[in-house]
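Please open the model in your viewer and keep a selection command at hand. The tour below moves from stop to stop, saying what to select and what is there.

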Amino acid sequence: MFISTKISLAALMLIGGAVETGICQTTATKRDPANPKPLVTDIYTADPSAHVFNGKIYIYPSHDIEANVPQDDEGGHFNMRDYHVFSMDNINGKVTDHGVALDVKDVPWAGRQMWAPDAAYKNGTYYLYFPVKDKEDIFRIGVATSKSPTGPFKAEPAPIPGSYSIDPAVFTDTDGKTYMYFGGIWGGQLQRWHTGKYDKSSNTDLKKDNEPALSAKVVRMSKDMLTFDEPVKDVTIVDKDGKPLLGGDHDRRFFEGAWMHKYKDKYYFSYSTGDTHFLAYATSNSPYGPFTYQGTFMKPVTGWTTHHSIIELNGKWYIFYHDVELTGQTHLRNIKVRELKRKADGSIELITP
Ligand code: FUB
């Protein structure tokens with residue numbers, strides 16, 4: 001990310017600053033399926049990773065703040081410092097803010113910028129996975145645990161060994177195996193790892209438009225969910241002819257914000273195309289891919305970033321996402337939800353926000 005080429009409707013939508021608030025307040029929201037409103041209006045929220053645990057919806061978003069850091073190409077203005085967890089009894093229910101679940105000051109190895117998290121549950125423990133820059137300003141992925149889905153979470157003393165870049169998305173398959181998908185280019189630093197070692201020289205992509213695009217990563221998690229169980233692999237996305245998408249194909253190539261869900265035995269890998277602002281997806285018969293590109297399923301939202309998650313609840317599918325309706329400012333976002341519809345062949349219907 002983050003060159004601000006697309007701040008649409010900003011002036012019209014600016015309605016002023018929200019107030020940072022305390023713990024456990026609820027926000028009632030009227031849900032018009034055709035025109036969803038922000039789920040949370042008293043703090044800024046983004047990158048919502050939603051899950052259903054024990055029949056209830058839990059949302060693990062980024063907590064955007066105005067930190068007065070000037071905007072730069074590396075996303076320095078996204079200078080978040082903690083996470084809140086939200087819950088909803090049902091898709092139209094009130095949204096409960098459970099307060100601070102993890103603060104950067106309680107992560108011993110962390111430097112700055114708590115970006116898009118995700119969560120998982122296994123054997124009586126909830127796991128919060130989060131990307132944050134370490135003290136050398138290199139993004140790593142950390143893990144914190146709790147006995148409650150709403151935290152507070154206790155961070156492990158060090159990042160997950162071998163982790164790098166941003167946007168972890170953790171998926172547990174029907175056979176019980178758990179995988180982490182991760183990565184993000186530009187400010188997410190994925191391009192700096194293209195040789196396998198950290199190389200600080202690139203702030204954007206590799207500028208090799210006719211070569212295969214940089215890939216998101218996938219790795220199986222260990223049984224204790226705290227480490228990687230194998231070497232990290234590429235998530236290759238190919239076109240209908242089996243050719244890898246190219247670096248210059250900005251309308252289709254992976255940028256950041258991975259998500260995985262399974263529908264009728266197929267694996268759906270979905271992601272943001274970043275500077276072209278689409279949500280796109282690709283499918284495979286294996287959680288490792290290769291994934292065949294299927295198309296865009298959400299047109300650009302207002303704001304620069306677009307980031308989503310997908311859940312199933314009572315036979316219906318929902319997409320959680322964000323835009324900048326409350327502020328018109330790229331780094332002060334608000335989360336939303338709407339139904340995700342499919343055609344009979346399993347393909348996802350295009351959403352025009
Ligand atoms: O919230 C910070 C970053 O913005 C996330 O990690 C990206 O996915 C983008 O939404």
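Begin with A280, whose bridge partner in β18 is T296. The coordinates belong to a predicted model, and this pair is a convenient place to enter one of its sheets. Select β17 (279-284) together with β18 (291-298), and you will find that the two strands run antiparallel and are joined by five bridges. In the loop between these strands sits P290, and if you display the backbone there, the peptide bond joining G289 and P290 turns out to be cis, with omega at about 0°.

**The five-stranded sheet**

Now widen the selection to the open sheet of five strands, which follow the order β14-β18-β17-β16-β15 with mixed pairing. Its edges are β14 (237-238) and β15 (256-263), each of which pairs on one side only.

Step next from β17 to β16, a neighbour to which six bridges join it in an antiparallel arrangement. To see one of these bridges, select S270 and its partner in β17, Y281. The two strands form a hairpin with six residues between them, and within that hairpin G274 takes a positive phi near 65°.

Is strand β16 largely enclosed by the rest of the structure or largely open? Colour residues 266-272 by accessibility: six of the seven are buried, so the strand is largely enclosed by the rest of the structure.

On the other side of β16, move to β15, which runs antiparallel to β16 and is joined to it by six bridges. Here K262 has Y267 in β16 as its bridge partner. The hairpin of β15 and β16 has two residues between the strands, and K264 in the turn has a positive phi of about 50°.

**The hairpin of β10 and β11**

Leave that sheet and select β10 (169-172) with β11 (178-182), which run antiparallel and are joined by four bridges. V170 is a good residue to centre on, since its bridge partner in β11 is M180. Five residues lie between the two strands of this hairpin, and G176 in the turn has a positive phi of about 90°.

Still in strand β10, pick T172. With a relative accessible area of 36%, T172 is partly exposed, because that value falls between the limits of 20% and 50%. Which residues does T172 touch, once those up to four places away in sequence are set aside? They are K122, K177 and T178, and with T178 the side chain of T172 makes a polar contact of 2.8 Å. If you then measure across to M221, 49 residues away along the chain, the C-alpha atoms are separated by 9.5 Å.

**The ligand and its shell**

Select the ligand next and show the residues around it. Of the 14 residues in this shell, D47, M80, D167, H307 and R333 come nearest, and the shell as a whole divides into six nonpolar, four polar and four charged residues. Draw distances from oxygen atoms of the ligand to polar side-chain atoms: for D47 the value is 2.5 Å, for D167 it is 2.5 Å, and for R333 it is 2.7 Å. The protein covers 100% of the 280 Å² of accessible area that the ligand has on its own.

**Unusual backbone values**

Stay with D167 and turn to its backbone. Most residues other than glycine have a negative phi, and most peptide bonds are trans. D167, by contrast, has a positive phi near 55°, and its place is the loop between β9 and β10. Is D167 buried or exposed? At 4% relative accessibility D167 counts as buried, because this is under 20%.

A similar check can be made at W186, a residue other than glycine whose phi is positive at about 60°. W186 lies in the loop between β11 and β12 (216-220), and with a relative accessible area of 10% it is buried.

For the last stop, select G151 and P152, which are joined by a cis peptide bond with omega at about 5°. P152 is found in the loop between β8 (139-146) and β9 (154-155).

Notes:
Residues are numbered from 1 along each chain as its sequence is written. This is a predicted model: local features need pLDDT of at least 70, side-chain atom pairs count only at pLDDT 80 or more; totals for chains, interfaces and linings use all residues. Side-chain values use heavy atoms; hydrogens and water are left out. Buried means under 20% relative accessible area, exposed over 50%, partly exposed in between (1.4 Å probe, protein chains only). Contact means heavy atoms within 4.5 Å. A polar contact is a pair of N or O atoms within 3.5 Å; within protein, one must be able to donate a hydrogen and the other to accept it, and residues adjacent in sequence count only if both atoms are side-chain atoms. A residue is near a molecule or strand if one of its heavy atoms lies within 4 Å of it. Accessible areas come from the Shrake-Rupley method with a 1.4 Å probe; for residues, only the protein chains shown count as cover. Ala, Val, Leu, Ile, Met, Phe, Trp, Tyr, Cys and Pro count as nonpolar, Asp, Glu, Lys and Arg as charged, and the others, Gly among them, as polar. Two strands pair if DSSP finds at least two bridges between them.
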